[in-house]
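Here is a short tour to read alongside the model on your screen. Keep the viewer open, since each stop is easiest to follow with the chain in front of you.

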Amino acid sequence: MRHQLEGSGASRGMALGRARLEQPSRFLVDETPLEQSEVAGELQRLDNALASARHELRGLRDKLAGPLAREVAEFIDAHSLILQDPEFVNGLHELIETGRYHASAALKLQRDSLVAVFEAMDDPYLRSRREDIEHVIGRVQGALSRESSVEERKLASRVGEILVSDTVAPAELVPLAEHGVLGFILTSGSALSHSAILARSLRLPMVVNSHAALSHLQDGDLILIDGDSGKVIVHPTAQDIAGYRHWQREVAQQDERRARLRGVETRTVDGAEIRLFANAELAADVAQARTNGAAGIGLYRTEFLYLQRNQVPGEEEQFQAYRDLVLGMGGLPVTIRTLDLGADKADSAGIVLDEEPNPALGVRGVRLSLRKPQLMQTQLRAILRTSCYGPVRILVPMISAVEEISTIRRMILECARELRTQGYEIADSFELGAMIEVPAAAIALPSMIRKLDFVAIGTNDLVQYTLAVDRNNSELDTLYDPLHPAVLRLLSQIIAVCARANRPVTLCGEIAGDTRFTRLLIAMGLTDLSMHPALLLEVRELVNTLDRSALRKHAPALLRATDRAGVRRVLARLEDAP
Ligand code: PEP
Ligand code: MG
């Protein structure tokens with residue numbers, strides 16, 4: 001029966017697919033004991049499901065290609081090994097034969113006891129491997145539940161899967177996308193989470209905060225998700241599917257119209273140039289930044305190189321990744337952000353200090369880098385070595401005190417000296433910038449600015465820390481508001497300090513690519529915005545219709561607004577401005 005679930009859009013686009021519930025306990029588990037006469041048949045069902053899961057993994061491995069193939073292959077191999085492990089398979093057989101459990105119940109028992117073993121481990125890396133057990137058992141459960149219907153299996157291979165889960169870690173997203181997942185429905189989360197940011201880079205729709213999804217969906221349900229509106233249609237009708245096709249045609253037309261803006265300047269009608277930079281995490285983002293005519297890379301999030309792997313990438317590997325990025329941008333400026341692991345971006349290599357009571361306020365970003373100087377030096381060396389291939393700027397996240405900048409500057413100088421003595425050709429000097437995303441940095445910026453060559457405003461975190469509202473907590477959605485007067489005043493101060501000191505300032509939080517905020521940001525005086533490259537043409541299309549001087553006249557009113565309603569009233573007037 002068709003019905004609809006609500007959520008919030010976190011990564012745009014639609015997808016039609018089969019629900020895949022990523023909560024093994026949600027698989028239909030038959031708890032009734034088997035009759036002796038049923039045991040042989042149940043063993044056969046289990047063996048078929050195991051064979052089918054192994055076959056799926058082999059198929060996935062054969063299809064691997066591209067830069068992440070090696071990492072994903074490791075992930076798949078680990079899963080294949082579990083499936084072949086005689087202890088694992090014999091344990092399941094025994095539960096069915098001796099315990100008279102159905103295969104689904106045997107899998108659940110096996111999962112629970114293995115997860116308990118992993119959870120009791122001291123080593124955080126090994127402990128995190130419990131997810132592998134869950135993935136593998138989930139895959140066998142999926143195969144088991146598909147066993148019953150050949151029709152469903154055919155459908156599955158045609159339309160792919162949409163993952164339904166409570167959460168998904170950024171590190172899991174790339175392998176899931178490579179496994180053919182078409183989209184995500186999460187019962188919690190937010191559009192500001194790093195998972196959502198990565199989903200946008202992977203161009204996969206994501207609905208978050210869909211509380212009822214896990215309890216109302218069954219594994220295998222056909223669903224249509226809309227990552228703009230946050231709606232999930234369960235058992236869509238022919239009419240819904242026609243709507244989906246219509247959306248696909250509209251997107252194609254819109255892309256065609258916007259493609260004409262690729263080589264066009266971004267300039268307001270009164271002649272002000274607005275520079276649109278790209279945020280990038282993956283190689284595909286760099287390609288899209290180029291094709292969509294980005295002014296450069298305003299933010300390259302290096303931490304994605306460190307996720308989903310169990311070893312820290314070495315200098316050479318990082319160098320190659322950054323060099324490709326710089327070469328890919330063909331001489332345009334590239335801003336590489338040093339490692340911003342921590343909080344919701346935890347790695348599996350155990351670099352991040354785990355078990356922090358409050359990770360968002362913990363050892364994150366530059367704090368982590370300064371505690372692990374070796375890690376920072378390796379990264380700085382790799383970045384500095386790319387400086388002979390094009391203009392590279394170094395950006396440091398989570399700065400909260402001027403001493404951090406001085407220390408990083410010293411480290412850069414030391415690394416540069418060392419590289420030169422080792423015979424590397426590197427640039428003569430390096431631009432160093434700070435992410436202004438902690439209120440302390442925003443407030444103390446006048447005393448920091450002389451030590452900086454440029455500034456990047458990270459509103460995703462600046463809003464979170466100014467308002468003390470977790471950017472990932474869906475319960476606080478309405479409180480997480482970039483239009484809060486306190487946020488606007490901080491923004492205005494940062495922009496003014498940079499203007500007085502003659503330092504370029506870019507805004508690179510998610511609002512930079514959200515056309516609902518474009519007028520506001522231009523009114524506040526920003527001229528450099530950095531956004532996901534997929535949003536660049538849409539923002540350019542709007543900017544090219546705006547009048548900057550008319551918008552600027554509203555800046556005082558924006559700052560005078562005492563509450564959010566007041567800010568929204570001024571914004572409504574901006575909409576009417578040309
Ligand atoms: C920000 O905080 O606005 C930002 C761009 O950084 P990230 O989203 O990676 O924390
Ligand atoms: Mg940030």
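What follows goes through the two sheets, a well-covered helix, the metal site, the largest pocket and two backbone details. Please bear in mind throughout that this is a predicted model.

## The closed barrel

Let us begin with the barrel. Eight strands close it in the order E9-E10-E11-E12-E13-E14-E15-E16, and their pairing is parallel. Between neighbouring strands of this sheet the average turn is 25°, with direction ignored. Helix H16 (residues 402-421) packs on the sheet, where it touches strand E12 (392-396) and E13. The direction of H16 makes about 150° with that of E13.

One pairing is worth a closer look: strand E9 (residues 275-280) and strand E10 (residues 297-301) run parallel and are joined by three bridges. Within that pairing, alanine 278 has isoleucine 297 in E10 as its bridge partner.

## The open sheet

The other sheet is open, and it too has eight strands, ordered E1-E8-E7-E3-E4-E5-E6-E2 with mixed pairing. Strand E1 (3-5) and E2 are at the edges with a single partner strand each, so one side of each has no neighbour in the sheet. From one strand to the next, the twist averages 35°.

Two pairings that involve E5 can be set side by side.

| Strands | Sense | Bridges |
|---|---|---|
| E4 and E5 | parallel | five bridges |
| E5 (residues 181-186) and E6 | parallel | two bridges |

To find these pairings in the viewer, look for glutamate 161, which stands opposite valine 181 in E5. Likewise, isoleucine 185 has valine 207 in E6 as its bridge partner. Helix H8 lies across strand E4 (161-165), E5 and E6, and runs at about 140° to E5. Helix H11 also packs on the sheet, touching strand E3 (14-21), strand E7 (222-226) and strand E8 (232-234). Its direction makes about 125° with that of E3. As for E5 itself, this strand is mostly covered, with five of its six residues buried.

## A covered helix

How many residues of H9 are buried? The count is eight of eight, so "mostly covered" applies to H9 under the criterion of under 20% relative accessible area. Among them are His194, Leu198, Arg200 and Ser201. The cover over these buried residues includes E2, helix H8 (170-178), E6, helix H12 (283-291), E10 and H19. Elements of both sheets appear in that list, as E2 and E6 belong to the open sheet and E10 to the barrel.

## The magnesium ion

Now for the metal. Which protein donors does the magnesium ion (ligand 2) have? They are Glu437 (OE) and Asp461 (OD), at 2.0 to 2.1 Å from the ion. The pair links distant parts of the chain, with the two residues 24 residues apart. Glutamate 437 sits in the loop between strand E13 (431-436) and helix H17 (439-443), while aspartate 461 belongs to helix H19 (residues 459-467). Both glutamate 437 and aspartate 461 are buried. The metal site can be placed relative to elements already visited: E13 is one of the barrel strands, and H19 is among the elements that cover H9.

## The largest pocket

The largest pocket holds about 1700 Å³ of space. Its lining is made up of 50 residues, and those nearest its centre are Ser11, Arg12, Arg200, Asp228 and Leu535. Arg200 has already come up as one of the buried residues of H9.

Strand E2 (8-11), helix H11 (238-259), H19, helix H21 (515-523), helix H22 (536-543) and helix H25 (564-576) are the elements that give two or more residues to this lining. Which of them gives the largest share? That is H11, with six residues.

## Two positive phi angles

Last, two arginines deserve a glance at the backbone. Arginine 100 is not a glycine, yet its phi is positive, at about 60°. This residue is found in the loop between helix H3 (86-97) and helix H4 (103-119). With 29% relative accessibility, arginine 100 counts as partly exposed.

Arginine 203 also has a positive phi, near 55°. Its place is just after H9, in the loop between helix H9 (194-201) and strand E6 (206-208). Arginine 203 is partly exposed, with a relative accessible area of 38%, whereas the eight residues of H9 are buried.

Terms used. Residues are numbered from 1 along each chain as its sequence is written. Chains are lettered from A and ligands numbered from 1 in the order in which they are written. This is a predicted model: local features need pLDDT of at least 70, side-chain atom pairs count only at pLDDT 80 or more; totals for chains, interfaces and linings use all residues. Side-chain values use heavy atoms; hydrogens and water are left out. Donors are N, O and S atoms within 2.8 Å of the metal (3.2 Å for Na, K and Ca); water is not among the atoms, so sites may look incomplete. Helices (H or I, at least four residues) and strands (E, at least two) are DSSP runs, numbered from the N terminus. Buried means under 20% relative accessible area, exposed over 50%, partly exposed in between (1.4 Å probe, protein chains only). Two strands pair if DSSP finds at least two bridges between them. Axes are lines fitted to C-alpha atoms, for helices over the stretch in contact, and angles run from 0 to 180 degrees between N-to-C directions. Contact means heavy atoms within 4.5 Å. On a 1 Å grid over the protein atoms alone, a cavity is a set of points where a 1.4 Å probe fits but cannot get out, and a pocket is an open set with protein on both sides within 12 Å along at least five of seven lines; lining residues have an atom within 4 Å of a point. Grid points are joined across faces, edges and corners, and a volume is the space filled by probe spheres set on the points.
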